[in-house]
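Trainee: Got a minute to go through the inside of this one with me? I'd like to start with the empty spaces.

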Amino acid sequence: MASKQMVHMNQGQGETSYAHNSSFQSAEQNRMKALIEAAVVELCSNTTTLSHGKVVIADLGCSSGPNAVALVSIALEATHSHFLQLRQPPPEVCVLLNDLPYNDFNAVVKSLVAVRQIGEPVVVTGVVPGSFYERLFPSGSVHLFCSSNSLHWLSKAPEDLRMKQIPVYDMDENVRRERLPVVAGAYARQFKKDFTLFLQLRAKELVPEGRMVVSLPGRRSDEPVTETSLIWGTAAQILGAMASEGVIDKEKLDSLYIPVHGPSDEELREIIQEEGSFSITEMRVHDPISGMDRALLTPNRMVNSLRAAFEPIIVQHFGSPAEIMDEFVRTGEKHLSLQRSSQVKHARSPRVMLVVSLTKA
């Protein structure tokens with residue numbers, strides 16, 4: 001039996017840490033601001049929902065670094081602003097941050113100190129280690145869930161690929177192209193299973209008419225599935241180049257399955273509607289780098305973002321962290337530079353960010 005994959009971002013504050021390489025994620029959180037503020041206003045205007053004068057806000061998959069408290073800070077400020085405009089006393093607010101036990105919670109706890117100083121509401125804060133694919137909170141206790149750049153992580157990689165020994169990245173390009181529908185289909189089925197469970201669990205934990213605003217990377221519905229449209233595609237291409245140069249073992253690469261999946265907007269909508277616990281208030285699809293200075297999107301910056309996200313899994317699988325990851329960055333820079341030079345100018349990226357605001361039905 002394969003050992004459990006170590007899923008967490010690179011810890012600490014160093015150059016290879018997630019905290020130092022999460023500007024893409026920060027930009028996405030800023031784009032969620034309007035939907036979170038709208039959800040807060042609707043919650044605060046519902047006297048039934050706030051019957052006890054308390055609000056519980058939880059971020060699922062908070063990670064660490066400056067982004068860890070960004071979403072809950074937006075919700076807190078919106079709550080304070082709403083009641084200030086009404087000239088009414090604000091409710092007591094409880095803020096809870098969740099991530100897997102291996103997350104750098106030491107850094108998260110330090111960030112919570114600043115959260116407690118936002119506005120007038122009485123703010124109680126805490127951390128909740130655990131998988132969001134299991135129950136985390138008491139029934140009917142949470143008013144607002146937020147999550148950004150987390151729900152593409154699966155509970156596990158597709159078992160059927162592992163059992164049938166079908167690699168996600170075959171060194172033979174023709175074989176790889178033929179197998180892509182099989183590989184992509186297996187990941188899509190695992191995502192549907194996981195996200196359906198996620199919705200069922202959160203529906204139990206939310207108050208009646210509770211809200212949820214989440215964002216996750218995905219792909220365009222109107223374009224075919226390709227290697228570059230898959231979240232793990234670029235990392236697999238870099239590792240494939242390393243295997244072809246003998247830096248890592250090919251057989252080891254064949255047994256690596258990164259547990260992430262980015263659905264299309266149609267795929268996500270169908271899962272939500274089929275599960276039935278939530279109604280879709282709004283769904284947005286946008287370019288992941290819209291609003292960012294493209295001159296700053298260098299191959300080095302992009303490959304270091306990949307490193308911050310995937311290094312723990314890659315190191316656990318291949319070993320020799322310093323040598324492998326330094327070569328991952330070197331190979332990745334070369335790969336992304338060639339990819340950029342061959343791309344048509346102004347061509348659409350096959351990847352998108354999906355943002356959805358949900359109301360408990």
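Trainee: Which residues line the largest cavity?

Mentor: The lining is made up of V168, Y169, W232, A236, L239, L253, L256 and I258. A cavity here is a set of points on a 1 Å grid over the protein atoms alone where a 1.4 Å probe fits but cannot get out, and lining residues have an atom within 4 Å of a point. This is a predicted model, where local features need pLDDT of at least 70, side-chain atom pairs count only at pLDDT 80 or more, and totals for chains, interfaces and linings use all residues. Residues are numbered from 1 along each chain as its sequence is written, and side-chain values use heavy atoms, with hydrogens and water left out.

Trainee: What volume does the largest cavity have?

Mentor: About 50 Å³, where a volume is the space filled by probe spheres set on the points, with grid points joined across faces, edges and corners.

Trainee: And how does its lining divide into nonpolar, polar and charged?

Mentor: Eight nonpolar, no polar and no charged.

Trainee: How many cavities of 30 Å³ or more are there?

Mentor: The count is three. The second largest has a volume of about 40 Å³, and its lining consists of V40, L43, C44, V55, I57, T79 and L144.

Trainee: Which element gives the largest share of that second lining?

Mentor: Helix α2, with three residues. Both α2 (33-45) and β1 (54-60) supply at least two residues each; helices (H or I, at least four residues) and strands (E, at least two) are DSSP runs, numbered from the N terminus. The second lining divides into six nonpolar, one polar and no charged.

Trainee: T79 is in that list. Why does T79 count as buried?

Mentor: Because its relative accessibility is 1%, and buried means under 20% relative accessible area (1.4 Å probe, protein chains only). T79 lies in helix α3 (residues 70-86). Leaving aside residues up to four places away in sequence, T79 touches V40, C44, P91 and V93, with contact meaning heavy atoms within 4.5 Å.

Trainee: Switching to packing: which residues touch the most other members of the largest nonpolar core?

Mentor: F310 and F328, out of 68 residues. Helix α6 (residues 173-205) provides the largest share of this core, nine residues. A nonpolar core is a set of buried Ala, Val, Leu, Ile, Met, Phe, Trp, Tyr and Cys residues joined through side-chain atoms within 4.5 Å.

Trainee: What does F328 touch?

Mentor: Not counting residues up to four places away in sequence, F328 touches A235, I238, L239, M242, V303, L306, R307 and I314. L239 also lines the largest cavity.

Terms used: Buried means under 20% relative accessible area, exposed over 50%, partly exposed in between (1.4 Å probe, protein chains only). On a 1 Å grid over the protein atoms alone, a cavity is a set of points where a 1.4 Å probe fits but cannot get out, and a pocket is an open set with protein on both sides within 12 Å along at least five of seven lines; lining residues have an atom within 4 Å of a point. Ala, Val, Leu, Ile, Met, Phe, Trp, Tyr, Cys and Pro count as nonpolar, Asp, Glu, Lys and Arg as charged, and the others, Gly among them, as polar.
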